[in-house]
Amino acid sequence: MTKKGDMLYAWTSDAEIQKKAELGGAVTAIWKYALESKAVDAVFAVTKGVDLYDAVPVLIRDPKDLAKTAGSLHCGTLLMAKLVKKFLDGANNMKIGVTVKGCDAMAFLELAKRKQINLDNIVMIGVNCGGSVSPVVARKMIKEKYDVDPEKVHKEEIDKGQFIIEYEGGHKGISVDELEEAGFGRRSNCRRCKMKIPRQADLACGNWGVIGPKAGKATFVEVCSEKGAKLVDGAIKSGVLATEAANPKGLEIRGKVEGAMFKLGDKWRKHDFEALGEGKERLKKIMSETARCIKCYQCIDVCPICYCVDCTTRNPAYVPPGELPVNFMFHLIRYAHIADSCVNCGQCEEVCAAEIPNALFMHAQQQELEKMFGHVPGTTMELPLMAYVEEKEERLRLHNTGSDMIYENVFKPVPKK
Amino acid sequence: MEDIKSELKYTATTCPYCGVGCGLNLVSKGNTLLGVEPYKRSPINEGKLCPKGATCWESVQKPGRLTKPLIKKGDKFEEASWDEALDLIIKNFTEISKKNGPKALGFQTSCRTVNEDCYALQKWARVAFQTNNVDNCARICHGPSVAGLSLSFGSGAATNPFEDVLNSDLIVMWGSNAVEAHPLAGRRIMQAKKAGIPIVVVDPRLSPTARLADKWIRFNPSTHIALANSMMYWIIKEGLEDKEFIKERTKGFEDLKKTVENYADAEKIHGVPLETVKEFARQYANAKNAVIIYCLGITELTTGTDNVRSMGNLSLLTGNIGRPGVGVNPLRGQNNVQGACDMGAYPNVFSGYQAVAVPDNRAKMEKAWFMKEGSLPDWYGSTLTEQINDCGEVVKAMYVLGLNPVVSYPDSNHVKKMFDKLDFLVMQDIYWNESCQYADVVLPGTCFAEKDGTFTSGERRVNRVRKAVDGPGESKYDWEIIGMLGKKMGLKGFDWKTAQDVWDDMRSVTPGQFGVTYDKIEKPEAIHWPCPTIEHPGTPILHVGKFAAADGKGTMFGIEYRPPAEVADAEYPYTLMTGRCIFHYHTRTQTDRCAALHYDVPENYVQINTLDAKELGIRQHEKIKVTSRRGESIAIARVTEEVAPKVLYMPMHFANGANNLTNTALDPMSKMPELKHCAVKVEKITEA
């Protein structure tokens, strides 16, 4: 019997999956079992769009389609949790299996805290993530740094600190450090990220720590929940998955890889946050950068913390409507409402048409708040202040009571009838 | 993409609004649109969008869409079958053309709709009725660019791609508020600023784009030629012109030199201090690579074509054309304003700018279109605005595809009056708009989310438009409607089954785009025309080594400054400028149906200087009346320093707004009306 806390090597015993699978195909095998056993109604996965630089989410019910989803697309920078909230009813009406990166897992937790996703209906298989590269940057990087036509590349991976491409006529790897020195490489939020093994998921999978005869042929699986344990057991029983206990040496190596990634993350945090300066200097920087804002509302739209229908940025008393440049209050509202829970997923920065380093600003503030209050977003279901009330319910309460005190029910709970 | 049965569908397509051509994903489930998600794979915008692009899906499936053909019976519109509606159109158009000749018909197509629709409409007009009275609404935005740049360089299109500004050493934005009007081209300017590339913005108004500038030059509205001439005087005077470039690649220098002699100091015309002019002239001439980006501030004037040629003059004089980081780039207003012109929806050219006056071109088209030899007309057709002015007298019937003339054309009251004089008017659109009530037949077309096709952006990039959902009710693809009309008339060559069929029909007669196949534009890098062969990679930068003109030379022109047709006087003491705001698109048919956009700008407004407001006793956000010789408009006053004293700015988007006031006086060369400049007076509205 598998149980929470188990460290396993897993690989598929399904002949069909084996043909296409990477690293033992354990993840695909588990999803196949989950769909066939109705543990989930659908799997929300990612496939290649127009090419390997284009990650497109797909909702799959037919296990046969699983083989057509992509392994890892390092140029895919989707945030799956917000898509589940926006387009799949927050998983309220179906059980959904999702393969998640660290930021996805954190985002699922934050949206669940705010009652925007029903976590009971979500099964997460986490995958280790060393960071991702925006597609257009990746293509430019391959052309300029690798001197390879990006159209000719058929595979990419990040391994042992290198971004490696395979193309017609060869393969080439360049260290991520070198790429990032040259202004390419991972998104800046990914560089600062320290959620490398998403243990919030039901299973945390990856290739770090797979050594010995199973190297390259199995997936490292850390069982992170009872739900995850059940899934593994079921998959073994149904004959699609085989496991063995992870090599203790491998476990150690996995820890070392994670530790090295943390160090790198810390280095980038220091680098990025120090460049922001402190106090008034930092405020000045933030004000001058955000002055370019064109009010597209996309930072709000993609944010895994934001969900309000009546967003405060649309309160004319705070932000005069229809004006550019946008009143700085627009950004202050975002900081006030989000910073305690920012998971540094980077979406707000990636979609910003005005080149504002939104994620950097928010993440920097989150770090300050974490230092002050000790609240760590995206890791547990512990509620931050802003998540104590759900917008619609709270607005209704304010409307009915005539109060404008948002928190009085938190500190002075309204007695139930 | 992998063949997966996914309930949630992403359709990568092109934004339907401005000429930047941003990529985006439409998200749908079954036949229901759910939203827009970033298309980060697009090299144009990398997933980033403006407020309009991000909400473009919202208007598609809102109530109010046209779902059935409508025929006017008495005062009322009644639903009709397609056969009935199309037969009625054919009957009227045929009869009128027989009785009054081909000049009695007018055809107008939108720059918002796909290339395939534009090609289809002009083909039908020319094949069925042997008329060149076919035009598109580029006439009232970038007609002067087509005319002016053709004269200067031999091609009427932008010379360099948007992203190429990052290769510049100096960016000049002249009469362009890209941050609001072309936000994702504006983003390139923001990137350039971050990279330390100096930016000069020449604009009478402190626009959001001017706020980005290292140097903002405020000048008097519509005095471009005087300012450019003065710059060129000093460039020549100080010997900063590119002598080798002038000698090798241009003609007309002497003419230019002579003309600018009189502009050593033109401050009293343009209002810019002489020292600033000199400094700017030196900066532009000395920059290793300098690019000029301009927009409707240049074109929408009675001097539009000359203003454009003045931009051409500057670049030719200093050799700033024909390589990365330089050029003269009009930011095209609408998503397909480049394409509508490319498709030959133009009164003097077939697709690819093949002149109708050239007998060989006509002979080629007659053969390709199964027409009798000698049947295509050689005359210069009537333009969009001339067609309106000729309603009743010359033009008896008109076919309008995707336009709302009574709001978007100058002098709305005039347009309404002229429409009343028509014997027969067809409107083909997606929504019932303000112009439909003047129609005899209204046909339901489909919008960008409901059809395949292509938009050609302002950088000559042919971007794919892909169908995500079906159109509502009995609506049809717009090219399909035209195809039905052609087939019903027994014409050959209208039997298109798909948008690609129409595109391939166009390619077969258009040398400059023959190589732009659907296959080659499957990926979002797409292709910049010219692209003459299947193997050709396309042409991001024009005029490298040789100009597109017949003699291969760029031409400089000596151009004298002329004041606008109507200037402020004692009775109408204010100058009214018009333009866009970021939250709306044109007449708001689509954008006002998006909750977020409506929230931000629900009503017409006018910017007025603090001093003027004080003098008139006007408070911030008070409603005021603005009156011109042609009409009046009520607007919310935005009291600001962004406009100079005695200058007002009103967005163009509102019915009974700016175009109640604007002037219909035309640029003699391009027939562009003077939408950017007229004289008005301002009054407080006294409480009843």
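In what order do the 7 strands of the open sheet of chain B lie? In this predicted model, the order is β5-β4-β18-β17-β16-β6-β7, and the pairing is mixed. The edge strands are β5, residues 76–79, and β7, residues 134–136, of chain B, each of which pairs on one side only. From one strand to the next, the twist averages 20°. In general, the strands of a sheet pair through backbone hydrogen bonds, in either a parallel or an antiparallel arrangement.

Within this sheet, strand β17 (residues 424–429) of chain B and strand β18 (residues 441–444) of chain B run parallel and are joined by 4 bridges. Opposite B:L443 in β18(B) stands B:Q428. Both β17 and β18 of chain B are also crossed by helix α2 (residues 82–100) of chain B. The same helix lies across β4 (70–73), β6 (105–109) and β16 (397–401) of chain B. Relative to β18(B), helix α2 of chain B runs at about 130°.

In chain A, a packing of two helices was examined. Helix α3, residues 80–87, and helix α4, residues 102–113, of chain A pack with their axes 7 Å apart, at an angle of about 40°. This angle lies outside the range under 35 degrees that counts as roughly parallel, and α3(A) is therefore oblique to α4(A). On the α3(A) side, the contact involves A:M80, A:A81, A:K82 and A:K85. These residues meet A:D104, A:A107, A:F108 and A:L111 in α4(A). Of the residues in the contact of α3(A) with α4(A), 5 are nonpolar and 3 are charged, with no polar residues.

Notes
Residues are numbered from 1 along each chain as its sequence is written. Chains are lettered from A and ligands numbered from 1 in the order in which they are written. This is a predicted model: local features need pLDDT of at least 70, side-chain atom pairs count only at pLDDT 80 or more; totals for chains, interfaces and linings use all residues. Axes are lines fitted to C-alpha atoms, for helices over the stretch in contact, and angles run from 0 to 180 degrees between N-to-C directions. Angles under 35 degrees count as roughly parallel, over 145 as roughly antiparallel, 65 to 115 as roughly perpendicular and the rest as oblique. Two residues are in contact if their C-beta atoms, placed from the backbone, lie within 7 Å. Ala, Val, Leu, Ile, Met, Phe, Trp, Tyr, Cys and Pro count as nonpolar, Asp, Glu, Lys and Arg as charged, and the others, Gly among them, as polar. Two strands pair if DSSP finds at least two bridges between them.
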